[in-house]
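This report describes how the strands and helices of one protein model are arranged. Please examine the sequence and the structure before reading on.

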Amino acid sequence: KYEVATATFTYTDENRIETFSNSGEKRKVNVEFWFPKATDGNYPLVLFSHGTGGLKTSNTSTFMELASNGYVVCSIDHPYHSLFTIGDDGKLVRIDSGYWQEYMDLVNHTVDAATRYQLTQKWLALRTADMNFVLDTILTQVKADNPNALYRLIDPTKIGLMGHSLGGAESAQVARERSDVSAVINLDGDLFGEYVKFENGT
């Protein structure tokens with residue numbers, strides 16, 4: 001029904017230091033939007049999160065389909081968890097080798113259950129912080145009546161989350177913790193947020 005437009009932004013989280021860097025810089029999260037072009041009115045917002053080694057463009061066909069049917073879609077690149085990401089300043093950030101090794105150790109079953117729990121909880125904490133930050137940033141721009149026409153298209157009362165694998169686990173957890181999210185789609189993600197502690201080997 002709608003022609004689709006896109007836009008990219010880099011959001012800087014002033015409340016978090018980038019833990020993958022020793023520079024003391026704030027964490028920067030790159031996002032891309034797909035939305036109905038040259039239209040009026042308000043549309044539901046869908047946030048998407050990729051899996052390990054994914055990209056914010058990994059599911060572009062899905063984003064195009066949603067946007068062409070009247071949704072605003074925002075896909076998140078998680079720095080150092082995505083294969084690579086490029087910010088508004090042109091800075092290229094590749095997947096962190098330490099994180100990739102942790103992930104490969106987990107999928108190859110070379111770590112014990114306690115370590116698996118610690119790793120997945122660490123990853124989930126980073127991911128949910130990113131998603132909450134992006135969502136809060138978008139809602140702040142909507143409420144501030146940002147002159148960018150994109151934000152004026154968003155209906156802040158209709159929010160859905162979607163993610164693949166670790167991004168699915170992240171989406172489910174954020175949806176569980178927030179009262180302003182009304183829909184979530186978890187694509188092949190474990191519900192890591194259901195695990196609250198590890199003791200006695202389980």
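Helix H5 (residues 166-177) lies across S3, S7 and S8 and runs at about 140° to S7. Helices (H or I, at least four residues) and strands (E, at least two) are DSSP runs numbered from the N terminus, and angles, from 0 to 180 degrees, are taken between N-to-C directions of axes fitted to C-alpha atoms, for helices over the stretch in contact. Contact means heavy atoms within 4.5 Å.

The model is predicted: local features need pLDDT of at least 70 and side-chain atom pairs pLDDT 80 or more, while totals for chains, interfaces and linings use all residues. Residues are numbered from 1 along each chain as its sequence is written, and side-chain values use heavy atoms, without hydrogens and water.

A second helix, H1, also lies across strands, as the table shows.

| Helix | Strands crossed | Angle |
|---|---|---|
| H1 (residues 60-68) | S1, S2, S3, S4, S7 | about 50° to S2 |
| H5 (residues 166-177) | S3, S7, S8 | about 140° to S7 |

The open sheet has 6 strands in the order S1-S2-S4-S3-S7-S8, with mixed pairing; two strands pair if DSSP finds at least two bridges between them. Strands S1 (4-17) and S8 (183-187) are at the edges with a single partner strand each, so one side of each has no neighbour in the sheet. From one strand to the next, the twist averages 20°. S7 (residues 154-164) pairs with S8 in the parallel sense over 5 bridges, and the bridge partner of His164 in S8 is Leu187.
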